[in-house]
Amino acid sequence: MIKIVEAKNIEQKFFEGRDFADSLEIVKTILADVKNSGDEALREYGAKFDVCSPQKFEIEFSELERAAKKMQDENPALYDSLVYSHDLALLFAKKQRECFSDFEIELEEGLFTGQKNIPVERAGVYVPAGRFPLVSTVIMTVTPAIAAGVKEVVMCTPPRLHPDEKKSAQPYADEKIMAGAYICGAKKVFACGGAQAIAAMAFGTQSIPKCDVIVGPGNKFVAEAKRLVYGTVGIDMLAGPSEVFIIADKNANAQWVAADLLAQAEHDVVAQPILATDDLDFAKKVQAEIEVQLEDLPTKKIARESIENCGMIIVASSLEEAAQIANKKSPEHLELALDEGADLEKIKSLVHNYGSLFIGHGAAEVFGDYAAGLNHTLPTGGSAKFTGGLSVRCFLKTVTTLRTANGKKGVIASANAAGILGDTEGLAGHARAARFRLK
């Protein structure tokens with residue numbers, strides 16, 4: 001049963017980042033092997049860790065198309081849902097892209113400064129396919145890259161056995177993920193998973209090209225690999241176990257709140273479902289409702305372990321205190337299960353540390369996971385204090401420009417100031433380069 005705790009009794013460790021990276025040495029070895037041996041190392045680790053190890057890695061585009069056609073014929077509801085989700089994600093990402101504008105401004109006479117937002121040339125996306133192949137992650141990773149204007153998107157996902165025995169040697173992946181790749185416009189998909197896939201996209205191999213940035217979720221080995229290759233390539237973030245934090249008052253729907261907590265809990269035994277409320281009776285209602293819903297939940301075993309070991313219902317003295325706790329926790333997902341009105345507006349203005357904010361009773365976090373345009377790849381473990389989720393921003397470089405009109409007032413002032421600063425720092429070459437412009 002989920003525990004109920006008074007706000008004053010919350011331990012400090014609740015607010016600290018949770019570190020599950022106990023895989024450093026093995027990941028270091030994988031990265032080094034792939035960097036040095038390329039495809040040969042990928043095959044060795046595929047045989048060791050995956051269900052199969054194909055000799056080649058790039059999945060033929062015709063296989064992606066075939067998977068999409070099969071889904072459209074056999075499961076049209078799923079196909080249409082993926083198309084709908086992709087369409088909304090693309091609209092949202094394109095709007096994000098519009099916000100990154102280029103400009104040039106004359107700061108002083110003759111001194112023109114500006115910025116440009118340039119997409120990376122090649123982006124690598126990783127799509128897990130473990131216990132639950134995450135077909136929605138295809139949408140969340142590929143779509144913003146394309147909206148940003150990336151020329152080439154490379155996707156890696158764990159290999160699967162080809163259903164046609166005659167093609168058993170050919171690379172293949174989860175069919176739903178392949179269909180999602182086709183729907184989203186990914187053209188280069190490789191049957192390669194785990195830390196070795198991150199290494200391949202970071203360093204390049206004979207088959208898989210080196211990428212400029214790598215995005216996407218994964219297990220602790222994938223997360224550790226991304227941490228270690230950062231600097232060689234860019235990454236989106238280091239995502240850990242999923243989190244939801246719900247602020248609710250007595251008017252919230254206990255059934256909905258319990259369902260949202262369980263939706264998060266079923267992700268992983270270390271997922272963290274949290275509720276903060278100012279009403280003890282409501283806390284007890286949600287506690288009881290969780291037990292009712294757990295009984296027939298197919299993912300009951302995972303969800304119960306998460307609820308009992310990582311879950312919590314916090315009883316705060318006020319909604320304002322609940323908001324303060326949420327800011328200190330900085331959760332991946334933050335729900336405000338409050339009626340429209342003054343309380344909702346006040347709490348909405350108070351909270352500022354979260355990956356995504358879900359406003360009002362109807363705004364279920366699961367909508368953001370799947371089909372509301374938002375990206376579900378979000379910061380965890382308190383990192384929402386300093387970063388947001390995956391967006392077109394991850395695929396753009398904001399660079400600056402300088403242009404001058406010689407002899408103008410601003411250029412002369414800049415050269416004089418640069419010369420003095422160069423002298424002050426003992427960099428005579430700097431000072432000289434500036435003063436030459438004055439002649």
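This report describes one pocket and one helix pair in a predicted model.

**The second largest pocket**

The second largest pocket has a volume of about 590 Å³. Its lining consists of 35 residues, and those closest to the pocket centre are G389, L390, S391, R393 and C394. Two or more lining residues come from each of the helices α4 (76-99) and α5 (135-148) and from each of the strands β8 (234-235) and β14 (396-404). The greatest contribution is that of α4, which supplies 5 residues to the lining. By class, the lining of this pocket comprises 17 nonpolar, 13 polar and 5 charged residues.

**The pair α9 and α10**

Helix α9 (residues 254-265) and helix α10 (residues 280-294) have axes that come within 8 Å of each other and cross at roughly 60°. Because of this angle, α9 is oblique to α10. The crossing of α9 past α10 is right-handed. On the α9 side, the contact is formed by A254, Q255, V257, A258, A259, L261 and L262, while α10 contributes F282, K285, V286, E289, I290, Q293 and L294. The contact of α9 with α10 contains 10 nonpolar, 2 polar and 2 charged residues.

**Residue classes**

The table sets out the composition of the two residue sets.

| Residue set | Nonpolar | Polar | Charged |
|---|---|---|---|
| Lining of the second largest pocket | 17 residues | 13 residues | 5 residues |
| Contact of α9 with α10 | 10 residues | 2 residues | 2 residues |

How values were computed: Residues are numbered from 1 along each chain as its sequence is written. This is a predicted model: local features need pLDDT of at least 70, side-chain atom pairs count only at pLDDT 80 or more; totals for chains, interfaces and linings use all residues. Side-chain values use heavy atoms; hydrogens and water are left out. On a 1 Å grid over the protein atoms alone, a cavity is a set of points where a 1.4 Å probe fits but cannot get out, and a pocket is an open set with protein on both sides within 12 Å along at least five of seven lines; lining residues have an atom within 4 Å of a point. Grid points are joined across faces, edges and corners, and a volume is the space filled by probe spheres set on the points. Helices (H or I, at least four residues) and strands (E, at least two) are DSSP runs, numbered from the N terminus. Ala, Val, Leu, Ile, Met, Phe, Trp, Tyr, Cys and Pro count as nonpolar, Asp, Glu, Lys and Arg as charged, and the others, Gly among them, as polar. Axes are lines fitted to C-alpha atoms, for helices over the stretch in contact, and angles run from 0 to 180 degrees between N-to-C directions. Angles under 35 degrees count as roughly parallel, over 145 as roughly antiparallel, 65 to 115 as roughly perpendicular and the rest as oblique. A crossing is left-handed if the near helix is turned anticlockwise from the far one by less than a right angle, and right-handed if clockwise. Contact means heavy atoms within 4.5 Å.
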